[in-house]
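This briefing is meant to be read with the structure open beside it. It goes through salt bridges, then surface patches, and then two single residues.

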Amino acid sequence: MGQKRLRTTELEYRGIWYRHTGDDIPPENSDRLPHRLTNEDILEELGENFITHMIVRCVPFPDFSQVAPKLTHLTLCDLLEESFLLRLNTLTELKSLDLSYSSFYQGLPSSISQLRSLESLNLSNCHLRDLPPWLNTFTRLKELNLSENSLSDGLPEVVSQLNLLESLELSFCSLTGLPTTLKALTRLKVLNLSANPLSDGLPEVVSQLNLLESLNLCYCELTGLPATLNTLTKLKELDLSRNSFTDGLPEVVSQLNLLESLNLRHCKLTGLPATLNTRTRLKELDLSYNSFSDGLLEVISHFNSLESLNLSHCELTGLPAIVGKLKMLKNLNLSFNEIDKLPPVVGELKELVTLDISFNNKLIALSSQILSLSNLRDLWLIGCDSLQNPPENVAQQGCSAIQQYYKDLAGGKEKMMSATVAVIGKSRSGKTSLIKTMQNGSRILTENLSSPERISTKVFNFEKVSFDERSLYFTDFGGQEIYHHAYRLTLRENCIPVIVVNMHMFVEESNKVGPKESVRALFFDWMAHLYIAHPNMLPPALVLTHKDLLDEEKFEAGKTKLLQYCNEVRDEIRDEENRLEEANFCRIKSFGADTDLFTPEWIFEVGREYSDEFTRLRDQLLEQSQRYVMEVPRLWKQVEDVKSTLKSDFTTFESLLDKVHESHGVVKKQLEVIIKYMHLSGKLLWYNDIEGLDQHVFHKISAVTDLLNVLYDHDGDSKWDKRRENFKSFKVQNVTLVEEEFEESVSQFKAKGVISLVLLAYLIKTETAFTKDDEQRVALTILSEFRILFGSLLPVDSKFIVPHFAQGFQSTLPTTKLDLQFQTDILCKGLALPQYAFHELTVRLLELYSDPYNTPVVKHNGVSIAVDNSQVHFTHDAKAGKITASVAFNVEEFHKAWNYLKDIVNVAIKHLREIWRATPLVCIFYCAHCSLTGQQHPEKVVNPSWSLLSRAQPDPRERKMRSIVCTGESVSSVFKFPKDEKRKLKEYVSAKQTATASVSGIIQPYTTPSCSSAFNGSPDLIGLSFVDVCKAISDGSPTHTNKTEIKDLFDNTDVAST
């Protein structure tokens, strides 16, 4: 069949997963596998083998008796129709059955009672309130999972009759006690009672289960434990987390001699009993979220076998020396504490593999003792904002880079600047003039410069400005919106931001659109480029220019308004963040204080003449830059000196390695750390995580940003006129570009945003540093990887689409003749996302469906793609911060359509969260039935469970969609996609169409109600229920279809009622 294998011994299809006896082929990518297989397809795949394990997520189910007669393990996810269980009676060898997340409101179906060979039964989250007596016929049952069922009337007695039971899962069952008959389960080894309200104490019957090896009592509202628990002499795992032991840990825990794993997370402990030191077999200990601010007790030093210790959120300021006795310790978690330097005792833990010190905000330095931990593989330092040694740009690279840093440091130290000054602001705000004035020590205005110096910054300038023995590195970004993608290519978090505002422009804009909107346009929209991607960046300096164009009174009034509304907008954004789920975004650090957004010392006012303000700005920037002057190995500074001697704009990694190895003995592993450090410091660009770019080092950043200037230009047609004058025929891949084709290609690009490969290659060769054929491929990789353009879906066309230049869709939803439509909006809150962020999402979606047989329509504000028999539509409104994803489909395709929608939405969310970390996102999923019936105000679900923004932690097997149907009609069973039968849904749609056409006297094809002309002049008939139709008849509508006939139309669908 040519299908791809998921893992060595497993196959997965969009609806069916199975494993058979002959699986032994290595794994391959299976992202785009078919929706489901027929019985014949499965049999062809099997050959002489037979299926042993199967998971089914689609309807209809396969014929088990035909394709899997020897099945031993079966999972039926989100089972809807109990009648399907009748098909299992032939599976005489079935040992494991998973029916979790099924809806057995009327009780467990007796149709499974014949499966007498069952050894494992999973009934979690099946809406059960009781169990049938016939369950005791499962005499071989060893594992039973009843979690997340409401058993508030008590555990059914039949459970106690399952004499061979070894594992019993009862979490989240609303139990307040246990029957004494449970002691009959003499073989029980695993008991999970977590999240049950056992506030009256642990039932005594638990102490009588003498063979228990694992007991989970997490979140059971316990304040103590019975002394009789010491009879559990075989207990190895005990979870007491999230209980309140304010009087100390119960002594009985110290009497459990075989205990290997103990979880005391969130138990309100301040210490541990000395008697616990006899637990020498303990391997895992979790003490997180307890208060040990006075230090740990000596008791833990006796845990000689301990391999994992979790001390996160324990208010620790250090570690006692006795921790060094834990010679077997492999995993140590010290995150979210108050540690200011790496405790010396850590260097004694020679077996340590993982060390987590994340979010210790006071941590300033590690030490070279890290080198003594030869087994260390993972060192986590996320959120250690005060860390200076090693520099953050080293710490980000992980454990091996940190160790390399300390090794190289032994050869001597140098100080190196690890940040740049990023100057941003709208066009004509005075950014370039500001930098040139700082550089020359006298006022320089670009309007007074001769050509070509007079030309304002197009995309990006990088300049080193020296002041005596100190230097600053300035990045000057082009102010026009068309060049903003340069921020994504070059900007790093460790920069000193300077936002330049033209005060004359601000006053004029305030009079036109109001001061708040003017503040957003001239300040916050620019701030967004920095802070959404890098929320921990320092607060910006504010430079107010063109002071001389306003009299003193108007300038001061404008300045007051600017600062006032800066605070107001900041407060609005912060209030909005407070109303949202914080786990879904990173807060902007500089927005956190309740003080003014700008302090007076960081506000600068300049005009046409040189003033002391320039000197003050220089001094402030030099002082601020000192926090980014880091101690680095002398070798690293020598490598930077070698880099500065290179004549070309970029080089290969191997070529640079040859140079520094010859001059300083640097090896590959060392150079990787050094170059990555320089990349993160904004000194060069090295995209080591992108295939095709990882072998190139761009030591002149402008080599990359010049690629934007090839595609983008704000000067209208003047650049193309010059290109025409200088054009010469050009050949690439056996295709020759002549003048006539040049004109045609240019016209197509300007009108539709489509550019041919030959034209793009010509521009890259003639206008950038990428002049050779292999270098042009590197340039195309950069433009593609940063999603500035997308390659042709049909390779023979050899064309690319640049969404920025395409025309826009007129509406957010497509006009279509397909039956149904799913729709989801993603709202981007907080600072406004730049336009190019949305264009990246368009390209990302094209990548998702980059199939030669899909037909995309790419526009400035989105893309529409025909995928199989569905229509995927994706639009965005940058000004409103809104993304709309929809999938229109016929009834037969709703399973596929549902997967398409989930993929689109979650790919978009993931992309935004990875790059624009400070953007709070809200996902709104609209009722498909409301869409069908054309409701103007459809019901909706915010951050649904299937989205990456869900607050819940869904079961990894969960594929179903929560109910999204409106309450107006009895159709909820049909619209709980994607688990329902398409037959019912199709009949419902057909009945709706027929009833509507009968009442209106018009027989016509059905079109999606979102189209304003959906019912050819009869929009008032959209969404008719049975009652609506009857009322329309009584009001004088055509009567050739009587009330009974219409009722039959709805009743036959099994979805409507009077």
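Glu414 counts as partly exposed, because its relative accessibility is 30%, and for a residue to be called partly exposed the value has to lie between the limit for buried, under 20%, and the limit for exposed, over 50%. The model is a predicted one, and the values below are computed from it. Across the structure there are 26 salt bridges, and Glu414 takes part in one of them, with Arg634 as its partner.

**Salt bridges between parts far apart in sequence**

- The side chains of Glu414 and Arg634 meet in a salt bridge, with a distance of 3.5 Å from N to O.
- Because Glu414 belongs to strand β18 (residues 413-417) and Arg634 to helix α11 (residues 634-644), this pair ties together parts of the chain that are 220 residues apart in sequence.
- Arg634, like its partner, is described as partly exposed, and its relative accessible area is 34%.
- A salt bridge also links Lys589 with Asp385, and here the closest N and O atoms are 3.5 Å apart.
- Lys589 sits in the loop between α9 and β24 (603-605), while Asp385 sits in the loop between β17 and α3, so the pair ties together parts that are 204 residues apart in sequence.
- Lys589 is partly exposed, with a relative accessible area of 48%, and Asp385 also counts as partly exposed, with a relative accessibility of 37%.

**A salt bridge between two helices, and its network**

- Glu572 and Arg520 bring their side chains together in a salt bridge, for which the N to O distance is 3.1 Å.
- Since Glu572 lies in helix α9 and Arg520 in helix α8 (residues 515-531), the pair ties together parts that are 52 residues apart in sequence.
- Glu572 counts as partly exposed at 32% relative accessibility, and Arg520 falls into the partly exposed group at 25%.
- This pair belongs to one network, in which salt bridges that share partners join Lys516, Glu517, Arg520, Glu568 and Glu572.

**Surface patches**

- Asp551, Glu552, Glu553 and Glu556 form a negative patch on the surface.
- One of these residues, Glu552, is found in helix α9, which covers residues 552-578, and Glu552 counts as exposed because its relative accessibility is 66%, where the cut-off for exposed is over 50%.
- Phe336, Phe359, Trp380 and Ile382 make a nonpolar surface patch of about 380 Å².
- Ile382, one of the residues in the nonpolar patch, is placed in the loop between β17 (378-380) and α3 (392-395), and with a relative accessible area of 47% Ile382 is partly exposed.

**Two single residues**

- Ser756 is part of strand β30 (residues 754-756), and because its relative accessibility is 10%, Ser756 counts as buried.
- The side chain of Ser756 reaches the backbone nitrogen of Leu759 at a distance of 3.2 Å.
- Glu351 has its place in the loop between β15 (331-333) and β16 (354-356), and with a relative accessible area of 35% Glu351 is partly exposed.
- Although Glu351 and Leu326 are 25 residues apart along the chain, their C-alpha atoms are separated by 9.3 Å.

How values were computed:
Residues numbered from 1 in each chain as written. Predicted model: local features only at pLDDT ≥ 70, side-chain atom pairs only at ≥ 80, totals over all residues. Heavy atoms only, no water. Patch = residues over 30% accessible without salt bridge, like charges linked within 9 Å, V, L, I, M, F, W, Y side chains within 5 Å. Areas by Shrake-Rupley, 256 points an atom, 1.4 Å probe, with all protein chains shown as cover. Salt bridge = Lys/Arg side-chain N within 4 Å of Asp/Glu carboxyl O. Lys, Arg positive; Asp, Glu negative; His and termini not counted. Charge placed at Lys NZ, Arg CZ, Asp CG, Glu CD. Helix = DSSP H or I, 4+ residues; strand = E, 2+ residues; numbered from the N terminus. Buried < 20%, exposed > 50% of the residue type's maximum accessible area, 1.4 Å probe, protein only. Polar contact = N/O pair within 3.5 Å; in protein donor to acceptor, adjacent residues only side chain to side chain.
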